[in-house]
Amino acid sequence: MSEKFQAVVIGGGPGGYVCAIRLAQLGFKTACIESRGSLGGTCLNVGCIPSKSLLNLSEEFHKVQNLSSKGIEVGEVKLNLEKMMKSKDKAVTILTKGVEFLLKKNKVTYYKGTGSFKTKNEIIIKDDQNKETIIQAEKTVIATGSVPVSLPGIEIDEKVIVSSTGALKLDKVPKKMVVVGGGYIGLEMGSVWSRLGAEVEVVEFLDHITPGMDKEISSEFMKILKKQGIKFNMQNKVEAIQKNKTGAVVSTVDKDGNKNNFDCDVVLISVGRKANTNGLNLKVVGVELDEKKRVKTDSMFKTNVDNIYAIGDVISGPMLAHKAEDEGIAVAENIAGQSGHVNYDTIPGVVYTTPEVASIGKTEEQLKELNTKYKIGKFSFMANSRAKAIDDAEGFVKILADETTDKVLGAHIIGPHAGELIAEIGIAMEFGASSEDIARTCHAHPTFSEAVKEAALSVDKRAIHS
């Protein structure tokens, strides 16, 4: 007889394993199925965590090279890429083992293999030896995440033409890298290899980088990255990528019809991701997909099949690990008859370059589109004591508040520790705070967070230090 579970989660990424743990905490006999062989999904294995490790290590390398200007004399600085990659891999291994421990601690049964539906209450698990196990599921949560997409007719080989996965595993620094796509992932990986010595050129179809970001922040971001040596070729459409003996040639056409060729050692394709629904046998159980092949769900994360739910990158919304985690907890609580909920207006987005870029809530462009009257408060890190003291003062904080009620509608930060600073705005927005609430809260001195307070003061045109 196959084993019976009250809840089964297909996918062991940030959404899946968090969901499985919460289900177990709520008293369900739970199983979690993961095909990768290690838990943590794209984020932990080939995404957020290894990329942040390399971003940090490459930034340390860059800083050491420039210490003499600050009165710290060092000898010759050499890059040992093999050691750097081992350090990155060690961080990933420790964390994936940690997730496995958490499943065990919470008594979640962990299956290594690929899960698919046999019926709406039966899940087939196929391991790497093609051995099949069938388990029974009263409720199933699909949390299979997303996979990188390429451009039509261009095959990713993870050696010369790479996705973010291949870009995290290069065995030598390319002389030249072309990044196709000016989004979060492409700019992060471009920054890593630029700091390690590669010449990096970004090819972007639009007239601005980081689509969806507040345009003022996006513009400042591109200026700073240009100063760091990254080149940008905007409004260029990739027509072909041809591999050759030395690497590849990226052929593009710009908005005026001019054709351009970019020779490089490595091409990073970073044009987005798509929901990973292949192999789930969704047709067998009749689960509906939308026009982008994402699983359709209602506000409770339930599909059109009454006992099947879905969360994370596989459904609509931003493809972010923390969004998936919050949905994992919410759906588990909904299954338990509680009131699980995700506030999509307060999900932060962060680009972990140097400087960091972070945003939450509405952009100025979105507020204009909605005909919402708003006020702006801005404060530059150039006027922040802590930032100036440590010579890390690029960027600014921008707060958008309702013109009538002063309620915070959004915030956008480019500068040191932006990814941490945005959490303060997130808490404020969750409590429906006004910009005055932030402005009247005492912030420690000297800290980067004072820039947030000053931006809030600036909404009412009463900033002290600018």
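# Sheets, helices and selected loops in a predicted model

Helix α14 lies across strands β20, β21 and β22, and runs at about 140° to β20. The model described here is predicted.

## The antiparallel sheet

The strands crossed by α14, namely β20, β21 and β22, belong to an open sheet of 5 strands with antiparallel pairing, in the order β18-β19-β22-β21-β20. Its edge strands are β18 and β20 (374-380), each of which pairs on one side only. On average, and with direction ignored, neighbouring strands of this sheet are turned by 10° against each other. A second helix, α7 (residues 215-227), packs on the sheet and touches β18, β19, β20, β21 and β22. The direction of α7 makes about 5° with that of β22.

Within the sheet, β21 and β22 run antiparallel and are joined by 6 bridges. Phe396 has Ile414 in β22 as its bridge partner. The loop between β21 (396-402) and β22 (408-415) holds Asp406. This residue has a positive phi of about 70°, although Asp406 is not a glycine. Asp406 counts as buried because its relative accessibility is 12%, below the 20% limit for that class.

## The parallel sheet and helix α6

Another open sheet, also of 5 strands, shows parallel pairing and has the order β8-β15-β9-β10-β11. Its edges are formed by β8 (161-162) and β11 (231-233), each pairing on one side only. Strand β10 (residues 199-203) pairs with β11 in the parallel sense over 3 bridges. Val203 has Asn233 of β11 as its bridge partner.

Helix α6 (residues 184-195) packs on this sheet, where it touches β9 (176-180), β10, β11 and β15 (266-269). The directions of α6 and β10 make an angle of about 165°. How much of α6 is buried? Of its 12 residues, 10 are buried, so the helix is largely enclosed by the rest of the structure. The buried residues are Gly186, Leu187, Glu188, Met189, Gly190, Ser191, Val192, Trp193, Ser194 and Arg195. The 12 residues should span 16 Å at 1.5 Å a residue, and the end C-alpha atoms are 17 Å apart, which agrees. Gly197, which follows α6, has a positive phi near 120°.

## Helix α4 and its surroundings

Helix α6 is also among the elements against which the buried residues of α4 pack. The others named are α1 (14-25), β2 (30-34), α2 (41-46), α3 (48-65) and β3 (109-112). The buried residues of α4 are Leu81, Met84, Met85, Lys88, Val92, Thr96, Val99 and Leu103. An α-helix has 3.6 residues a turn, so residues three or four places apart point the same way.

What span should the 25 residues of α4 (residues 81-105) have at 1.5 Å a residue? The expected value is 36 Å, and the end C-alpha atoms are 36 Å apart, which agrees. Lys107 follows α4 and has a positive phi, near 60°.

Between α2 and α3, two of the elements packed against α4, the connecting loop contains Gly47. Gly47 counts as buried because its relative accessibility is 16%, under the 20% cut-off. Residues up to four places away in sequence aside, Gly47 touches Thr42 and Leu168. Gly47 and Gly426 are separated by 379 residues in sequence, and their C-alpha atoms are 24 Å apart in space.

## Backbone features in loops

Two cis peptide bonds are set out below.

| Peptide bond | Omega |
|---|---|
| Thr354 to Pro355, cis | near 0° |
| His445 to Pro446, cis | near -5° |

Pro355 lies in the loop between β18 (349-351) and β19 (356-361), and these strands are part of the antiparallel sheet. Pro446 lies in the loop between α13 (435-439) and α14 (450-459), the latter being the helix that lies across β20, β21 and β22.

Asn130 has a positive phi, near 65°, in a residue other than glycine. It is placed in the loop between β5 (122-126) and β6 (132-142). Is Asn130 buried or exposed? With a relative accessible area of 57%, Asn130 is exposed, whereas Asp406, at 12% relative accessibility, counts as buried.

Note on methods. Residues are numbered from 1 along each chain as its sequence is written. This is a predicted model: local features need pLDDT of at least 70, side-chain atom pairs count only at pLDDT 80 or more; totals for chains, interfaces and linings use all residues. Side-chain values use heavy atoms; hydrogens and water are left out. Two strands pair if DSSP finds at least two bridges between them. Helices (H or I, at least four residues) and strands (E, at least two) are DSSP runs, numbered from the N terminus. Contact means heavy atoms within 4.5 Å. Axes are lines fitted to C-alpha atoms, for helices over the stretch in contact, and angles run from 0 to 180 degrees between N-to-C directions. The expected span of a helix is 1.5 Å times one less than its number of residues. Buried means under 20% relative accessible area, exposed over 50%, partly exposed in between (1.4 Å probe, protein chains only).
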